[in-house]
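Grab a coffee and work through these short exercises with the structure open beside you. Each one has a task, then a solution in steps.

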Amino acid sequence: MNPSAVFLRRDVADVQPWAETCGQIRPLLEEKDNAAAEVHHLQITDAKLHYHQRTDEIYYVLDGQGRMLLDGLEIELHKDVVVYVPRGVKHKAWGSLKVLVICIPRGVLNDVHELE
């Protein structure tokens with residue numbers, strides 16, 4: 001192993017949540033960490049319809065059930081479902097969901113365009 005390699009370990013319990021477009025967010029990997037992507041732990045209840053111009057998102061449902069609207073198409077969400085949301089797709093989710101969201105490239109929090 002390269003002794004000069006840098007890594008990051010962050011426990012979700014150590015990250016203070018705050019409210020944003022999709023619900024309660026806990027950034028696990030943030031833009032300031034300079035990783036290739038961001039990783040967010042989200043508690044989704046009733047997200048606002050929005051899209052991203054530069055950012056693709058991958059949602060992995062950790063727990064719960066709900067629904068997601070993607071460019072007018074409604075899909076079901078439950079534990080262990082993965083959803084890929086390409087940049088430009090208008091989307092929102094609702095229900096009682098804990099999800100892990102991977103955002104590529106980093107900088108998603110400056111790339112949220114709310115529609116409602």
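**Exercise 1.** Work out what share of the contacts with a separation of 6 or more comes from residues 24 or more positions apart.

*Solution.* Start by keeping just the contacts with a separation of 6 or more, then pick out the pairs that are 24 or more positions apart: they account for 64% in this protein. Bear in mind that you're looking at a predicted model.

**Exercise 2.** Find out how many helices and strands the protein has, and check its overall dimensions.

*Solution.* First, count the elements: 0 helices and 9 strands. Next, take the radius of gyration, which is 14 Å, and set it against the 13 Å that the globule rule gives for 116 residues; the two are close, so the protein is as compact as a globular protein of that length. Finally, the C-alpha trace spans about 50 × 30 × 25 Å along its principal axes.

**Exercise 3.** Decide whether His91 is buried or exposed, and list what surrounds it.

*Solution.* Locate His91 first: it sits in strand β8, residues 91-104. Now check the relative accessible area, which is 0%; buried means under 20%, so His91 is buried. Then look for a polar partner: the His91 side chain reaches the backbone oxygen of Val89 at 2.8 Å. Last, skip the neighbours within four places in sequence, and His91 still touches a list of residues including Lys48, His50, His52, Glu57, Tyr59 and Val85.

**Exercise 4.** Compare the charged side chains.

*Solution.* Tally the two sets: 13 positive and 18 negative. Then find the centre of each set; these lie 2 Å apart.

Note on methods
Residues numbered from 1 in each chain as written. Predicted model: local features only at pLDDT ≥ 70, side-chain atom pairs only at ≥ 80, totals over all residues. Heavy atoms only, no water. Helix = DSSP H or I, 4+ residues; strand = E, 2+ residues; numbered from the N terminus. Rg over C-alpha atoms; globule rule 2.2 N^0.38 Å. Contact = heavy atoms within 4.5 Å. Lys, Arg positive; Asp, Glu negative; His and termini not counted. Charge placed at Lys NZ, Arg CZ, Asp CG, Glu CD. Buried < 20%, exposed > 50% of the residue type's maximum accessible area, 1.4 Å probe, protein only. Polar contact = N/O pair within 3.5 Å; in protein donor to acceptor, adjacent residues only side chain to side chain.
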